[in-house]
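Here's a friendly walk through a protein model for someone meeting it fresh. Take a look at the picture first, and then we'll go through it bit by bit.

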Amino acid sequence: MRFCPFCLLLMVVVPAGFALGAEDTATSTIDSQAEAEPVIVSATRTEIRLDQSPASVSVISSEELEEKQIERVADALREVPGLSVVQTGSPGQLTSVFTRGLRSEHTQILLDGVPINQGLQGAFNFADFTTDDIDRVEIVRGPQSTIYGPRALAGVIQIFTKQGEGEPGFTLSAEGGSYDTFREALQSDGKIGTVDYSLGASRVDTDNARPNNQYRNTAGLANIGWSPNEQLRISGLFMYSLSDIGLPNTIFDPRPLDNFLTERWLVAPHVDLRIADWWEHKLIFSYDHERQINDPNQDGFLGPTRAVFERAQVDYQNDLRPNSWLTFTSGFFYTATNAGQERPFVLFGPTFISDHPKQVAGFVQATVDIENFVLVAGGRYTSFNQYGDIWTYRFAGSYKIDETDTTLHASVATGFSPPSSQDILFRFNTDPLRPEEDLGWDAGIEQRLWNERVIIGATYFHNDLTNIILARLRRRALRPSCALNRLPNLSSPRATPISKRRTLPQPIFPSLRGRVCRAGRGTSFTFPLLTCGGRNCAPRPRRNLSMRARN
């Protein structure tokens, strides 16, 4: 299906201290004595200055999180251009992030380089992800599958933990409020000899406003490392969360007992080795686990349900710099997943169904950095045990004009998102599913004025998607989940929009139509994305506008 989002530049006059922006753009105010431009890694997997990034990137620092007293990552992402954050109810309920209007499972979420998209859907639920021990968040928009693989069809959100340095210290905090709301938090970091550490933990309890709408969450995140010398660091990343929420349903059909529990944990040893200034290696082993229990389940006919998800991953990266202006980045990736769900309502056949996808991938990328010109080119080959092989590529570049402090950037890339375990398990046809694929390109400009007191920019982007996996709907259905029948691939990128066809058998396919225009780091407008027979059935707002100012 043809999907043509775009963004327009909004020209405004703003005083110092006020911020206004357009999609994939940023208009922000910073101190005239600002520090040097920050360095990011998510755009290329190697260090590069933010003002020379060949991709559309936003960065949220720990200082900003502390200044605004943001406790959840989802709340920080609400102000990022090109992202829509949707929460289905009160705190603790499902919270999804959509990049450039695409589905939530099309955005790859990373924690210190480790993919953490979980569950049968392959998306990430931000409801329980707190800002404890987080150093910064980097958001890269556009297809990034060449360097990050599956789920990076729309973009990447990478979260970095703190690395302890200096004298050890700790912070304790406690707060309370209405509806029996209490929150306790601990933060500590430092370095003792050759060992550095940082850790954060918190506990939240609230009953919210309605009966059976309680939320209890315990979360912890730690990064512990050992550096025997300047060339080597061996570290371990640890994450744990336990969430218990009530599901009150609507006021017309209350459910006083329905309860949902989610437990997640992750262990990820890292090895970072710098053999020389021109040769580096990074190796990550990770294992993560998620279990969900809906008991009691008051759906009426399902009974208690249980879902489990476990995954082992290996990620290796090699950076070779034969000279000062050229970097070759190559790597290997392997993952094996077990996912399943208990179905007690099934009268015949197994009551527990499962899926076991595996993938092996290799990638290579060349980065040319000559003065103010950056060019990136790369390719990735991925082999799935269930879906066959996929080849993706990416070309991106940027050029900074020092005289006017202007940066131009552009990219063209392909991306893919494999069928999730949910797509595989909960369908009633036997047609083979293929990974969803995307050909996307963007071009933008960023202009810094008055010693970076004001930054104005705009990015135009366009996506063509094929093999879209969507549920068939009955004609009066308002959203894909309300009348699930089967899960086909919509393979033609030029198929006629469903609302324009006159001879349609029931059920019908929803179609990707319309445009997305976002104004960003301040302002955003969203127009219809997913339509079902002319109706907007996407879980994104039809239009929205936001602005922000900083001192």
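## A greasy patch outside

Strand β16 gives the largest share of the nonpolar patch, 5 residues. Strands here are DSSP runs of E with at least two residues, while helices are runs of H or I with at least four, and both are numbered from the N terminus. Besides β16, the elements that give two or more residues to the patch are β14 (215–229) and β15 (232–246). In full, V195, I224, W226, I234, F238, Y240, W265, V267, V271, L273 and I275 make up this surface patch, with about 860 Å² of accessible area together. Such a patch takes residues with over 30% relative accessible area and no salt bridge, joining nonpolar side chains (Val, Leu, Ile, Met, Phe, Trp, Tyr) within 5 Å and like charges within 9 Å. The areas come from the Shrake-Rupley method with a 1.4 Å probe, and for residues only the protein chains shown count as cover.

Y240 is a handy one to look up: you'll find it in strand β15. Y240 has a relative accessible area of 32%, so it is partly exposed (buried is under 20%, exposed over 50%, partly exposed in between, using a 1.4 Å probe and protein chains only).

## What you're looking at

This is a predicted model, where local features need pLDDT of at least 70 and side-chain atom pairs count only at pLDDT 80 or more, while totals for chains, interfaces and linings use all residues. Residues are numbered from 1 along each chain as its sequence is written, and side-chain values use heavy atoms, with hydrogens and water left out.

## Rings that meet

How many aromatic pairs does the structure hold? There are 9 of them. Rings of Phe, Tyr and Trp (its six-membered ring) pair if their centres lie within 6.5 Å; planes under 30 degrees apart are stacked, over 60 edge-to-face, and the rest tilted. F124 and F126 meet edge-to-face, 4.9 Å centre to centre with 80° between the planes. F124 is buried at 6% relative accessibility, and F126 is buried too, at 1%. Y393 and F395 make a tilted pair, with 5.9 Å between centres and 50° between planes. Here Y393 is partly exposed at 27%, and F395 is partly exposed at 43%.

Ring pairs also link F124, F126 and F129 into a cluster. Charges get involved as well: R264 lies over the face of F124, 5.7 Å from the ring centre, and R136 does so over F160, at 3.9 Å. To count, NZ of Lys or CZ of Arg must be within 6 Å of the ring centre and within 35 degrees of the ring normal.

## Charged partners

Side chains of opposite charge can pair when their charged atoms come close. The whole structure has 31 salt bridges, each a side-chain nitrogen of Lys or Arg within 4 Å of a carboxyl oxygen of Asp or Glu. In one of them, D51 pairs with K400, the closest N and O atoms being 2.7 Å apart. D51 lies in the loop between β3 (48–49) and β4 (56–61) and K400 in strand β23 (residues 388–401), so this bridge ties together parts 349 residues apart in sequence. Both D51 and K400 are buried.

R264 turns up again here, bridging to D128 with the closest N and O atoms 3.5 Å apart. R264 sits in strand β16 (residues 259–276) and D128 in the loop between β8 (114–115) and β9 (134–141), 136 residues apart. R264 is buried at 5%, and D128 is buried at 6%. Elsewhere, salt bridges that share partners join R49, D51, K400, D405, E446 and R448 into one network.
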